[in-house]
Structure formats: C-alpha cells, structure tokens
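Welcome! Have the sequence and the 3D view open as you read, and we will walk through this fold together, one step at a time.

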Amino acid sequence: MTKPLFIFSDQLLSYKFSNHHPFNPLRFQLTYELLKETGILSDEQIVQPRKATDEEIMLVHNEDYVNAIKKAGQGELPKSKELSFGLNTDDTPIFKNMHEASAWLVGATLTATEQVFEGNTNKALSLGGGLHHGFRGRASGFCIYNDSSIAIEYMKQKYNARVLYIDTDAHHGDGVQWAFYDDPDVCTFSIHETGRYLFPGTGNVSEKGAGKGYGYSFNLPVDAFTEDDSWIPLLEEAIEEIVRFFKPDVIISQNGVDAHYWDPLTHLSLTMKSYRKIPELVKRAADRYTEGRWIAVGGGGYDIWRVVPRAWSFIWAEMNGLDLQGSLPESWLKRWQEKSPIELPTLWDDVPDLYPNIPRKQEICDKNQIMLKRALQHIRNEKKSV
C-alpha cells in the first residue's frame, strides 16, 4: 500500500500579507517541524510542489483578475481598480509578488491532486491550501486564488472525477460553494459558525444549489459557542449521509481549525477532541466510498502557536494510521517557546477544563440538531420515496 504524501517547500511560506496580519504562514512551518520532530513525517513522504500555470488558475478565475493580481504584486495596479478586485482591504492587502506566492499554493494543491489520481498515493496533505473565500474575479477573506475550486475543476476535466468537498472551517466555504452551485458532479458540504455573527454571512441551510446542481450543496450553520459534544455527532451524521447519497470518486477536505475555543476570530468552543475526530471521520468515509482517495488542505486558524500545529498534525497522523498521545517533543517546545508570545501547551490534547461551562449548552445542541435535520431533509425525503 502506498504511503500518504505531504506537499511542502519553503515557497509556500511566501504567502504573507504583513507582519501583523492574522493569516500567518509561520503556522505551516510550526506544523511541519512538529511533525518532523515527532518522527511521523519522513523525507520520502515529502513532495515538492510545482507552481500553478496561469491556464490552471483560469480554470476558475477570470483573466482580468489574474492580470490584476500580477500588476498589484508589482505595484502597477491603479488604486482606482483595487477595490473592484477585492484588493487593498483590511482582509486582503496587497503584497509584493502576490501572484507568485498564490500560484505556489494553488500548485501545491494541484500536486496533491495529481499524486492521488496518478496512483502514487491515495491520500495527500497540502496544508498551504484551503483558501476557500476566493471568487472568480475577486479576492476575499484572506484568499486570493481559490486553490480548492481550481483543484476540483482540474479533477473534473482531467480525471472525469465526481468530487465531494467537505469544509470544517469556522467560516462558510462560500467561494467553493458558489463556483459549483449549479454543478451536479460536485457536492459541497460546509459546517460553520452561523453567518449571523461571522464573515462571510452566507452558508444558510437553505442554500442547496441551483439548476442541475440543486440538492448538491449542503450547509450546516451552527450556533455560537457550539462545543465538541454537539459538533462531533453533527459532523458524523452529516458526512455519512452525504457521502452515501452523493457517491463521490474522491473527497477533498478543507481543514480550517479556527473553530477552536482559543481562536481569536470566531465564537465556537471546540477543543482538540474535535480536531482528532474530523480527520478520522473523513478518512473513514474515503476508505468506505472512494477507495481511500482523500486530498486534505489547510484553511483558517489564527491561534498559530497553541492550536494550529497540533490540530493539523492530527490530519497527518490519521492519514498514516498513527495515534498521537502524551507530550509534544521537548525540542520543538524549547525552540518555539522562546518566540511565542503565549505559553505553549505541552500535551497533544487540551486540558479538560479549558473554558468555563457554557450555560446555554442544551439549547445550542437542540438548535444545531434542528439545523442538521433541515440540511439533510431532501436526502431523507428521497430515501423515503424510493
């Protein structure tokens, strides 16, 4: 059996808006070094990414937008045009060589895709990807090029694949959903914090697709302060029913880890218990329904010191059938504690009393169950009518 592959090179660290922007590529390096020092990432499993071509990027994005990104990265885009492309906002400020940096991230996700479909592996991890807010002609929410959408279109065109996209980021996977909203060969599922409180404000349970794609978009907006005890059963039930309904050839999962209690940009209350479970559920679905084909990408995650490295490490561990327990490597803790502005956790798991009891717990659980029922209603109705 082929081993899972990890897509990585230093070029993937160049996607950086500024020293103060919450989207910090250092989290990728932190995770890479944690995996190496834990001893579960071997050199033979690391694959260098390639840079995406303009033609590949334009599988999803339009030519005017790609040209605008190139010009912006060279300081040549007129200021009057910046906002029309979603640029020079607080979320997506312009930075030098932004096209090149973005093309490397897209290329990494395409590399993962090729490795899976060319038979070199059935599982690949590209943590530099997961930029799910990018639109056809507009940057949004820290995302310039939407690597997942590009990879999905690439899989469709080159490998005639039927693709299931699973998004567990705290923010709705809007860019991917809208790119394939009328496409019956792509099924998107996003579980996220309700848009009543959080960017991008979409992802309502009523967004189910359009035209021939109606019924192939699934959204599960959960209440603020949702905890592991609600999130995990929701996700397990949703993935099982959706994958059985859609029957994909491959699963691509977006693994934003900003639903953790410590994340500064969201209002959910997950712990490492959920981040152990998410890849377990996706792997189980892939092994049962797609002959193991699973491409995983990164995404959000803004507590880069305490949350991201551990949570992302669980994805790689699950791909390799390994169980991370006990303490983090002393060498990793020693090196990075000197640079971290906060105390690093020393264990893989969070402490049981990470946060105070949430008084509305049962009410939140009940509301989330109602949302799940509404999200899956058309599948269940179809099953009843057969």
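**Starting from a β-α-β unit**

A good place to begin is a right-handed β-α-β unit, made by β7, helix α9 (residues 272-289) and β8. Please keep in mind that this is a predicted model. The two strands of the unit run parallel, and four bridges join β7 to β8. To find one of these pairings in the view, look for I251, whose bridge partner in β8 is W294.

Now let us zoom out to the sheet. β7 and β8 belong to an open sheet of eight strands, ordered β2-β1-β3-β8-β7-β4-β5-β6 and paired in parallel. At its edges you will find β2 (46-47) and β6 (217-222), each of which pairs on one side only. Helix α6 (residues 147-159) packs on this sheet, where it touches β4 (163-167), β5 (186-193), β7 (250-254) and β8. The direction of α6 makes about 175° with that of β7.

From here we can follow the neighbours of our two starting strands. β8 (residues 294-297) is joined by four bridges to β3 (residues 123-126), and these two strands run parallel. Here W294 turns up again, this time as the bridge partner in β8 of K123. As for β7, five bridges join β4 to it, again in parallel. In that pairing, L164 has I251 of β7 as its bridge partner.

With those neighbours in place, how many of the residues of β7 are buried? Five of the five are, so β7 is largely enclosed by the rest of the structure. You can check this face by face: V250, I252 and Q254 are buried on one side, while I251 and S253 are buried on the other, and both faces are covered.

Let us finish in the loop between α9 and β8, which is the place of T290. Is T290 buried or exposed? T290 has a relative accessible area of 1%, and the limit for counting as buried is under 20%, so T290 is buried. Leaving aside residues up to four places away in sequence, T290 touches P248, D249, V250, I251 and A285. Two of these names, V250 and I251, should be familiar from the faces of β7. The side chain of T290 also has a polar atom that lies 3.0 Å from the backbone oxygen of R293.

Conventions. Residues are numbered from 1 along each chain as its sequence is written. This is a predicted model: local features need pLDDT of at least 70, side-chain atom pairs count only at pLDDT 80 or more; totals for chains, interfaces and linings use all residues. Side-chain values use heavy atoms; hydrogens and water are left out. Two strands pair if DSSP finds at least two bridges between them. Contact means heavy atoms within 4.5 Å. Axes are lines fitted to C-alpha atoms, for helices over the stretch in contact, and angles run from 0 to 180 degrees between N-to-C directions. Buried means under 20% relative accessible area, exposed over 50%, partly exposed in between (1.4 Å probe, protein chains only). A crossover is right-handed if, with the strands pointing away from the viewer, the path from the first strand over the helix to the second runs clockwise. A polar contact is a pair of N or O atoms within 3.5 Å; within protein, one must be able to donate a hydrogen and the other to accept it, and residues adjacent in sequence count only if both atoms are side-chain atoms.
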